[in-house]
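Here are some notes from a look through this model, mostly on helices and how they pack. Have the structure open while you read.

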Amino acid sequence: MNRKIVNSIKQFVIAVLTIVLALLVGAILVKVSGNDPVEAYTTLFRGAFGSKARISEVFVKMIPLSMMALGVSIAYKAQLWNIGANGQLTIGAILAILPGIYLGLPAVILIPLSMLLAAVGGGLWCGLAAWLKNRFNANEVITTLMLNYIATYLLAFLVYGPMMDPDGGGFPQSKILPDTYHLPLFSGQMRIHAGIFVAIVVIVFMFFFWRTKLGVKIDLIGQGDKIATYSGVNVKRTVIAAMVLSGAINGLAGWNEVYGVQYRLLEGLSSGYGDIATIIALLGGLNPLGIVIASFFFSVLLVGGATMQRMTEVPYSIVDIIQGLVIVFVIARTAIHFGWPQKLLRKEKKDA
């Protein structure tokens, strides 16, 4: 069997086991809180799959989560820790909505233009962190995280100030986009929208990306700068390319939220999706298929968890705990993968 297929199956099995283990520990916590785990999880999954409308909500959440997880996976493959997906989504959304509110172009022109602006905005925002890394050796974890705050406060300034809707009752939000710019819904009773096709294009693109010349270069950087340099890769240029592409996909997720879900700018637009996308990317082993599966699981958690909170006495914080457990188990998996226990055993034998 092809080695890549074997690795993909292995990643899938490990991801499933990680999820099952997190759910089992979560069940114990539900029991400790004085609630019935079976009832809680039954309510959770019924909340995600109990009707067509609820299933559509799962996919509404899955669209930005899968796109952003795929976006950050590009940077992570190069051992570049892009923690700024929330900020890149926000900047992408801000630039995307500008022509929709102020230009009044035909939809056939405006939709592609807004997508381009979103991708450029997210790409440049992330690319700034890459430039700082190349120029001043600034840690990208810190710079991308700080850029999140700048984007958040920029959005707050706009929706409380120059872009606030004068007819919005004083709420921090921009004017709503004209109906002609709203992405078509699959049904009047469901919120799933045509933006899912953009997400599918991104997913398909990622399946082929790692076979391209740029994909191979990014993968080589992830194996070490020396290896990449000896292979003839311009490390600094490839770092810029990886981060720009990573941010561009996150910016597109912002476009999706504005034109497919909210139809306006809102304070807190990103909803913390970037943080969850990081978990999804790691759980999926930076593999496109694994990321799609992991994003579906987390979308079910988010949608079903809200129903569980309403219908039972189980607090929504259990969902946050399950997400945290997934992080812990992913880190533990990484430690085992790199052979820390074996190294410790060898050290003990040597000392003996």
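The points below take one helix and then three helix pairs.

1. Keep in mind that this is a predicted model. Everything here should be read in that light.

2. Start with α3, residues 52–77. Does its length add up, and why? At 1.5 Å a residue, its 26 residues should span 38 Å, and the end C-alpha atoms sit 36 Å apart, so the two agree.

3. Where does α3 bend? There is a kink of about 30° at methionine 62, shortly before proline 64. Past the helix comes glutamine 79, which follows α3 and has a positive phi, near 60°.

4. Next, α2 against α3. Their axes are 5 Å apart and the packing angle is about 90°, so α2 is roughly perpendicular to α3. On the α2 side the contact uses Arg46, Gly47, Ala48 and Phe49, and these meet Arg54, Ile55 and Val58 of α3. Sorted by class, that contact holds four nonpolar residues, one polar and two charged.

5. α2 (residues 37–49) also packs on α12 (residues 288–311): the axes come within 7 Å and cross at roughly 115°. These two helices are therefore roughly perpendicular as well, given that 65 to 115 degrees counts as such. The crossing of α2 past α12 is right-handed.

6. Which residues make the α2 contact with α12? From α2 there are Ala40, Thr43, Leu44, Phe45, Gly47, Ala48 and Phe49; across from them, α12 offers Phe296, Val300, Leu301, Val303, Gly304, Gly305, Thr307, Met308 and Met311. Eleven of the contact residues are nonpolar and five are polar, with no charged ones. If you are clicking through, note that Gly47, Ala48 and Phe49 are listed for α2 in this contact and also in the one with α3.

7. Last pair: α5 (residues 107–136) and α10 (residues 235–262). Their axes come within 6 Å and cross at roughly 140°. Is that perpendicular or oblique? Oblique, because the angle lies outside the 65 to 115 degrees of a roughly perpendicular pair and is not over 145. The α5 and α10 crossing is right-handed, and the contact counts 17 nonpolar, seven polar and two charged residues.

Key
Residues numbered from 1 in each chain as written. Predicted model: local features only at pLDDT ≥ 70, side-chain atom pairs only at ≥ 80, totals over all residues. Heavy atoms only, no water. Helix = DSSP H or I, 4+ residues; strand = E, 2+ residues; numbered from the N terminus. Expected span 1.5 Å × (residues − 1). Bend = angle between axes of the 7 residues up to and from the residue. Axes fitted to C-alpha atoms, helices over the stretch in contact; angles between N-to-C directions. Parallel < 35°, antiparallel > 145°, perpendicular 65-115°, else oblique. Left-handed = near helix turned anticlockwise from the far one by under 90°. Contact = heavy atoms within 4.5 Å. Nonpolar A, V, L, I, M, F, W, Y, C, P; charged D, E, K, R; others polar.
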